[in-house]
Amino acid sequence: MSPEQLLAYVLDPDLLERYGARFVDGLLVTAKLVAISFTLGALLGMFLALARMSQSLALQRLAAGYVYFFRGSPLLAQLFLLYYGLGSLKGFWQDLGLWWFFREAWYCALLAFTLNTAAYQAEIFRASLMAVAPGQYEAAKALNLKRSTTFFKVVLPQSLLVAIGPLGNELIMMIKASAIASLVTIYDLMGVTKLAFSRSFDFQIYLWAAVLYLLIVEVVRRTLKHLEARLGRHLN
Amino acid sequence: MTAPLSLASLHPAPDPRPELIRIEGLNKHYGAFHVLHDIDLSVREGERIVLCGPSGSGKSTLIRCINRLEIAQQGSIRVAGTDLASKGRQADQVRSEIGMVFQHFNLFPHMSVLDNCLLAPMSVRGLSRREAEERARLYLSKVGIESQAHKYPSQLSGGQQQRVAIARALCMKPRIMLFDEPTSALDPEMVAEVLDVLVQLAGTGMTMLCVTHEMGFARQVAERVLFLEGGKIIEDSPPEVFFGQPRTARAQAFLKQILH
């Protein structure tokens with residue numbers, strides 16, 4: 001086999017010309033989907049973690065129930081429940097003025113991913129907050145720091161360093177799990193892959209998808225490594 | 001013009017210093033364990049007190065109550081006449097004037113030495129960065145760490161870290177300093193450098209309560225030694241009396257163990 005033939009086997013110039021631009025779009029959609037839902041999920045997850053660690057039994061139970069449900073059921077089921085389940089209540093959402101939201105697969109996917117990752121991130125944050133030594137809280141209290149100062153200046157920076165490994169894991173899982181958005185008509189990376197394959201029946205399309213997912217994950221991995229070094233600079 | 005010595009020692013002049021801390025009827029339980037048992041204690045301004053006693057006797061708990069790291073179920077602690085448990089500005093102010101140094105330093109590991117000393121003065125006292133830094137550098141130089149201000153705690157020895165912790169507490173300009181076994185976690189060769197700082201601090205007239213088993217330090221610095229046992233203060237005497245003729249058999253046994 002000549003090099004040209006081999007190249008045509010994994011990176012056919014014709015196919016590339018026909019679908020290359022769509023793949024770039026798909027890549028951006030995946031990146032956007034994950035970036036938004038992961039960030040919103042982090043905020044929600046932090047509140048859930050604080051709720052689980054609060055004094056109030058009601059808040060604790062509520063947060064624990066939330067985590068129980070969203071970790072215990074498949075993401076795919078959650079997405080379908082939102083998009084097909086809640087999406088079938090057209091009249092109800094119209095009355096509430098929220099139909100624009102539940103009509104769109106994009107918003108439903110964002111919501112499902114946010115709710116799902118929040119449950120996992122809540123557990124990561126809870127564990128990492130508990131990993132901060134009790135002496136740190138005592139020192140903060142002895143200096144009469146306000147609760148907010150204690151949290152943002154003393155506890156959070158130390159717990160994030162502990163959290164960053166598992167958070168990176170969760171982010172990478174999310175990137176790959178986001179492929180199921182393609183099942184509700186979203187042209188993310190997986191969506192364009194399926195489209196291109198259904199038209200060309202060329203398996204190399206899936207190879208491209210795999211390599212592109214790998215590429216995103218690699219970018220994430222490197223970024224996290226830098227972040228970890230920065231947060232942990234006092235340890236070196 | 002000197003008064004007869006014998007008379008002076010028999011009838012010592014009443015201490016003119018005002019009372020700063022007044023603890024009355026303090027009781028603290030951990031579940032079924034009665035840690036502090038009807039503690040009454042009065043401390044004058046500028047007084048230097050060493051607390052000692054076997055482990056579990058309640059000495060750490062007592063000073064942690066003064067800092068409200070522990071809340072007693074019964075009794076009251078007043079500082080300069082203000083009940084520490086009360087609400088309001090006055091009580092907040094008083095509570096923020098009690099500094100504490102811990103056995104394990106508890107420095108903030110992700111902040112430089114200087115930032116450790118800046119955080120509370122800036123966020124609690126509202127000092128500008130310039131004022132806070134000036135103050136921090138002053139106290140860091142007093143404890144001999146000024147040249148390490150930019151380092152992280154993990155880059156310092158245990159003794160240096162504890163001196164930073166002392167400077168950090170002093171940056172709040174406290175009226176009272178509490179020490180909870182400040183040298184117990186240190187390697188032997190670092191104990192002296194921390195004790196030197198404590199002796200120097202004692203010379204400034206700071207009101208100090210120190211839980212320690214450094215009996216040489218107690219002899220040198222303390223005006224009163226409190227001996228606790230089973231959650232009660234069973235001896236409260238000047239060091240020369242405590243070390244010379246301890247009244248209780250328990251204190252005698254304790255001293256025998258600790259001095260040999």
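Which residues of chain A does the UniProt annotation "transmembrane region" (unreviewed entry) cover? It covers 33–51, 63–86, 98–120 and 203–220, and UniProt annotations, placed here in the numbering used for the model, with feature names shortened, may be inferred rather than shown by experiment.

A word on the model before the views: it is predicted, with local features needing pLDDT of at least 70 and side-chain atom pairs counting only at pLDDT 80 or more, while totals for chains, interfaces and linings use all residues. Residues are numbered from 1 along each chain as its sequence is written, and chains are lettered from A and ligands numbered from 1 in the order in which they are written.

**View 1. Chain A is built from 11 helices and zero strands.** Helices here are DSSP runs of H or I with at least four residues, strands are E runs of at least two, and both are numbered from the N terminus. The C-alpha trace spans about 75 × 55 × 25 Å along its principal axes. UniProt also has "domain: ABC transmembrane type-1" (unreviewed entry) at residues 27–224 of chain A; that span is 83% helix and 0% strand, with its end C-alpha atoms 20 Å apart. Of the 236 residues of chain A, 31% count as buried (20 or more other C-beta atoms within 10 Å of the residue's own; exposed means 12 or fewer, partly exposed is in between, and C-beta atoms are placed from the backbone).

**View 2. Two of the annotated transmembrane stretches of chain A, 98–120 and 203–220, up close.** Residues 98–120 are 91% helix and 0% strand, and their end C-alpha atoms lie 27 Å apart. Over residues 203–220 the chain is 94% helix and 0% strand, and here the end C-alpha atoms are 27 Å apart.

**View 3. Phe38(A) sits in helix α2 (residues 13–52) of chain A.** Phe38(A) counts as buried because it has 21 C-beta neighbours inside 10 Å. Leave aside neighbours within four places in sequence, and Phe38(A) is in contact with Thr117(A), Leu171(A) and Met174(A); contact means that the C-beta atoms, placed from the backbone, lie within 7 Å. Have a look at Gln121(A) too: Phe38(A) and Gln121(A) are 83 residues apart in sequence, but their C-alpha atoms are 9.0 Å apart in space.

**View 4. Where chain A meets chain B, the contact takes 17 residues from chain A and 18 residues from chain B.** On the chain A side, the elements giving two or more residues are α8 (134–142) and α9 (147–177). The largest share of that side, six residues, comes from α8(A). By class, the chain A side has seven nonpolar, six polar and four charged residues (Ala, Val, Leu, Ile, Met, Phe, Trp, Tyr, Cys and Pro count as nonpolar, Asp, Glu, Lys and Arg as charged, and the others, Gly among them, as polar).

**View 5. Chain B mixes 10 helices with 10 strands.** Its radius of gyration is 19 Å, close to the 18 Å that the globule rule gives for 260 residues, so chain B is as compact as a globular protein of that length (the radius is taken over C-alpha atoms, and the rule is 2.2 Å times the number of residues to the power 0.38). Buried residues make up 42% of the 260 residues in chain B. For "domain: ABC transporter" (unreviewed entry), UniProt lists residues 21–255 of chain B, a span that is 37% helix and 26% strand.

**View 6. Domain 1 (44–71 + 86–97 + 175–260) and domain 2 (108–174) of chain B, side by side.** The bounds come from an automatic or database domain assignment. The C-alpha centres of the two domains lie 24 Å apart, and 13 residues of domain 1 are in contact with 11 residues of domain 2. On the domain 1 side, β7 (176–180) and α7 (188–202) are the elements that give two or more residues, with the largest share, four residues, coming from α7(B).

**View 7. Inside the largest nonpolar core, which has 77 residues, Leu51(B), Cys117(B), Ala167(B) and Leu178(B) touch the most other members.** A nonpolar core is a set of buried Ala, Val, Leu, Ile, Met, Phe, Trp, Tyr and Cys residues joined through C-beta atoms within 7 Å. This core draws at least three residues from each of domain 1 and domain 2 of chain B. Leaving aside neighbours within four places in sequence, Leu178(B) has contacts including Ile63(B), Ile66(B), Ile98(B) and Leu209(B). Another core, of 45 residues, lies apart from it, with Ala109(A), Ile180(A), Leu189(A) and Val192(A) among its members.

Conventions: Two residues are in contact if their C-beta atoms, placed from the backbone, lie within 7 Å.
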